[in-house]
Amino acid sequence: MTLSSIKTVPVDITSCGCDDPTLAAKLIPVNVALMRGLELAIAVDETEIVPLERALGRVLAEPATTPQPLPSFDNSAMDGYAVRLDDLSGEGPWQLPVFGRIAAGDAGDLVAPKGQVLRILTGAPVPADIDAVIMQEHVTRAHDSITITKRPALGLNIRRLGEDLAEGAEILPAGVEIGSREACALAAIGAGEVAVKRKLKVAIFCTGSELVAPGAALAPGQIWNSNRFMLLSALDKPWIELRDLGTVPDQPDDLIATLKDAAAGADMVISTGGVSVGDEDHMPRLFREAGGNIHAMRVAMKPGKPVAIGKMNGALYVGLPGNPVSAFVTWHIIGAQILAKRAGLSKTEVTTDIVSAGFDVTRRPGRKEYRPAQIVGRDANGIEIVEVMSPSYSARVALLSAADGLVLIPAEATEASRGEALDFIRFS
Ligand code: AMP
Ligand code: MG
């Protein structure tokens, strides 16, 4: 792979495509559209206190700090024998009687007489006069005594009070999604109840008179609604309270009524279809008629140019294009980040990896491309090589399910060739 720069030309994509009439019609860069959406996305500030069991998958509202040092007492890291160094005088080997046994959950107040050791198990409290724990594999045991051949270092195999976290230290910042690692951390500091952000109220609907629910028979000209299920899956989160308004035909009155209904009481409204320039594509206009403002539309991305970002009262609006690949890409690049910020998550950005292009393209510059791509191997440096699957892809949903991720081609690029370094968004 070479790190040589991709061939580019300057492109004029500086104007807006929003409600300001002096800035009409031109495309806005993806980052600008995203920035506008993120600016509108004020994080919900209401919190709820819930038992830890019900906090799983929610957004942590306040930093979590430990009320006690972690661990909260010196304890054994191994199954073995607890010894005092004073009992190992002169040259070894030393043969010492085993006085008693301490297991995890015991109080740890057992004291061995001078010259004797204690059997100790992992997690057991280490008595105050003990200097080290010798692994059971490193001693020989016969009847009630052990033979030690090597003097252990002071503190060997003892997990010290506070060595993981000091009392009052932060274990998690606010704004994290409580996944399995976070749940483990909260439980480890004894958090029986957790302050989480209240659930985000999200309303969705799909526009299109051609749409029919999967499972139903298709009349001529009809297709099954795939975007609804893409959104239902993407929004299936414990921190979302979803309202699914289903499918709405391309009738202005129905669409306005649905927009108003969706926005009432919602934190975010997401629609698909009807945002491009076709005769039936009226969502941005109808959104304004319903009382909202559009803050960005016509974004310099491919697929997904017609995505619209707006606001109606307290509800943020993201109007995704109808083509399933476009809807998916704009959702991941723009919609999901806005949603995450609105929900109070601190991590909103999409993670990218560097890959090596396994293809050549010549293209018209101007729009940043997100192409479904497959990983096909690794180059001599171990960098993954990706291949794009088809030159046209915005309506080809089969490409999406076969892809490993999206390869990014910069807006200004006029060509990208084999071996060049490109950003890649991996599907998880
Ligand atoms: P639109 O953005 O409404 O102009 O739609 C663009 C293309 O995507 C058209 O071919 C639509 O039939 C198709 N489409 C729109 N919505 C959906 C949907 N929910 N599921 C599958 N295809 C759709
Ligand atoms: Mg449509």
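**Two cysteines and a bound ligand**

Cysteine 184 sits out in the open, with a relative accessible area of 51%. That is enough to call cysteine 184 exposed, because the label applies to values over 50%. Cysteine 206 tells another story: its relative accessibility is 1%, and cysteine 206 is therefore buried, as anything under 20% is. All of this comes from a predicted model, so the values here are computed from its atoms. What about sulfur-to-sulfur links? A search through the whole structure turns up 0 disulfides.

Next comes ligand 1. The space that ligand 1 takes up is the second largest pocket. Around ligand 1 there are 16 residues, and the ones that come nearest are Glu210, Asn225, Ser226, Gly274 and Gly322. Sorted by character, the shell around ligand 1 has 10 polar residues, 4 nonpolar ones and 2 charged ones.

Some of the contacts with ligand 1 run through the protein backbone. Glycine 274 places a backbone N or O atom 2.9 Å from an oxygen atom of ligand 1. For glycine 322, the distance from a polar backbone atom to an oxygen atom of ligand 1 is also 2.9 Å. Asparagine 323 joins in as well, with a polar backbone atom 3.1 Å from an oxygen atom of ligand 1. As for how much of ligand 1 ends up covered, on its own it has 480 Å² of accessible area, and the protein covers 77% of that.

Conventions:
Residues numbered from 1 in each chain as written. Chains lettered and ligands numbered in written order. Predicted model: local features only at pLDDT ≥ 70, side-chain atom pairs only at ≥ 80, totals over all residues. Heavy atoms only, no water. Disulfide = S-S within 2.5 Å. Buried < 20%, exposed > 50% of the residue type's maximum accessible area, 1.4 Å probe, protein only. Near = heavy atom within 4 Å. Polar contact = N/O pair within 3.5 Å; in protein donor to acceptor, adjacent residues only side chain to side chain. Areas by Shrake-Rupley, 256 points an atom, 1.4 Å probe, with all protein chains shown as cover. 1 Å grid on protein atoms, 1.4 Å probe; cavity = no way out; pocket = protein on both sides within 12 Å on 5 of 7 lines; lining within 4 Å. Sits in = over half its atoms within 2 Å of the grid points. Nonpolar A, V, L, I, M, F, W, Y, C, P; charged D, E, K, R; others polar.
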